[in-house]
Amino acid sequence: MAADSFYLSQPQNERSAVVLSSPHSGAYYPEPFLAQAILDQHAIRSSEDAFVDQLIQSGPLQGMPVLAARFPRAYVDLNRSVQELDPALIEGVPRLGLNPRVASGLGVIPRVVAQGRAIQSGKISLSQAQGRLAQVWHPYHQQLQALLDHAQRRHGCAILVDVHSMPREALDGLVQRGKNRPEIVLGDRFGASADDAIVEQIEASFVAQGFVVGRNSPFAGAYITQTYGRPARQQHAIQIEIDRSLYMDEATIVPHAGFADVQARFAAALVEIADIGRQTKGLAAE
């Protein structure tokens, strides 16, 4: 596997079935990619889950591996199917029915960043697209599956906790409908990707740290949760979205004064989440 396409932090003492992943925190922008872009180097970062990898960096201390993207979402979106190729961006790709994500420019190789801003003018070749996928997408997913397979062999169960961040404005619709504004949203695809007992324990871990937690709205989980969440096979996947305004200035993409506190509270929740992964043999036997 192309190890330089991702960052992998392994625990010295692996003692949990939990695997942590951060597929959208990558911040390495290749120079040829930036040269083609019509956005400046700040605007192109607007789709990044900036600093999420730092929020989960304590995982190995609790016995959990951490897999994090090196390349940014604007270059390759690891939370999309490798089949979601955008004919409006990639030469020679046929139109195969309506896919709302691809149609809006959010395929596996995105055409736009946040707020629908185009990344570049014109198209890229199919060989360029395939090269990006071979360099970035396939190694990440091969490594992710290997980590889950290892956890399942060792513990009888695997729990993927896939961590993302969400813009504060993404939650405005909930508030307008009279609902509380969550600070963390857990996505289990409405119960399809994880055992409810596991999701409840993860929720309790964050509530104990003072976070307001919601479920499945406005984010229920995308490709990674859908693909790797197989509760019947004792492989569970839960997506975590955290309001990025809690720890960073969204306009400048810089951590603000609250970062250390949020990082500490997140790390404390991970201690309890790791413990869930130590109890899974009992769950697997049920």
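User: Is N216 buried or exposed, and how do I read that from its relative accessible area?

Analyst: A residue counts as buried when its relative accessible area is under 20%. N216 has a relative accessible area of 9%, so it is buried. Please keep in mind that this is a predicted model.

User: What is the phi of N216?

Analyst: N216 is not a glycine, yet its phi is positive, at about 65°. The residue sits in the loop between β6 and α7. That loop also holds P218, and the peptide bond joining S217 and P218 is cis, with omega about 10°.

User: Where else should I look for a positive phi in a residue other than glycine?

Analyst: Try I253, where phi is near 55°. I253 belongs to the loop between β8 (248–249) and β9 (254–255). With a relative accessible area of 7%, I253 is buried. For a glycine, look at G156: just after α4, its phi is positive, about 80°.

User: Now the sheet. What is the order of the strands?

Analyst: The general idea is that strands of a sheet pair through backbone hydrogen bonds, either parallel or antiparallel. Here 7 strands form an open sheet with mixed pairing, in the order β1-β3-β2-β4-β7-β5-β6. At the edges are β1 (6–9) and β6, each of which pairs on one side only. On average, neighbouring strands of the sheet are turned by 20° against each other, ignoring direction.

User: How many bridges join β4 to β7?

Analyst: There are 9 bridges between them, and the two strands run parallel. One example is A158, whose bridge partner in β7 is Q235. Strand β2 (residues 18–22) also pairs with β4 (residues 158–166) in the parallel sense, over 4 bridges. In that pairing, L20 has V161 as its bridge partner, and S21 stands opposite D162.

User: Which residues point one way from β4, and which the other way?

Analyst: In a regular strand the side chains alternate between the two faces of the sheet. In β4, one set is A158, L160, D162, H164 and M166, while I159, V161, V163 and S165 point the other way. Both sets are buried, in line with a strand that has 9 of its 9 residues buried.

User: How do I check the span of helix α4?

Analyst: Use 1.5 Å a residue: the 30 residues of α4 (residues 126–155) should span 44 Å, and the end C-alpha atoms are 41 Å apart, which agrees. Do look along the helix too, as α4 has a kink of about 40° centred on L133. This helix lies across β1, β2, β3 (66–69), β4 and β7 (235–243), at about 165° to β2.

User: Which are the buried residues of α8?

Analyst: An α-helix has 3.6 residues a turn, so residues three or four places apart point the same way. In α8 the buried residues are F259, V262, R265, F266, A269, L270, I273, A274 and I276. The helix covers residues 259–276 and reaches 26 Å from its first C-alpha to its last.

User: Last one: which side chains does the side chain of R215 make a polar contact with?

Analyst: R215 lies in strand β6 (residues 213–215). Its side chain makes a polar contact of 2.9 Å with the side chain of D196, and another of 2.9 Å with the side chain of E203. R215 also touches other residues, including V185, L186 and V199. Its relative accessible area is 29%, so R215 is partly exposed.

Definitions and conventions:
Residues are numbered from 1 along each chain as its sequence is written. This is a predicted model: local features need pLDDT of at least 70, side-chain atom pairs count only at pLDDT 80 or more; totals for chains, interfaces and linings use all residues. Side-chain values use heavy atoms; hydrogens and water are left out. The expected span of a helix is 1.5 Å times one less than its number of residues. The bend at a residue is the angle between axes fitted to the seven residues ending there and the seven starting there. Buried means under 20% relative accessible area, exposed over 50%, partly exposed in between (1.4 Å probe, protein chains only). Contact means heavy atoms within 4.5 Å. A polar contact is a pair of N or O atoms within 3.5 Å; within protein, one must be able to donate a hydrogen and the other to accept it, and residues adjacent in sequence count only if both atoms are side-chain atoms. Two strands pair if DSSP finds at least two bridges between them. Axes are lines fitted to C-alpha atoms, for helices over the stretch in contact, and angles run from 0 to 180 degrees between N-to-C directions.
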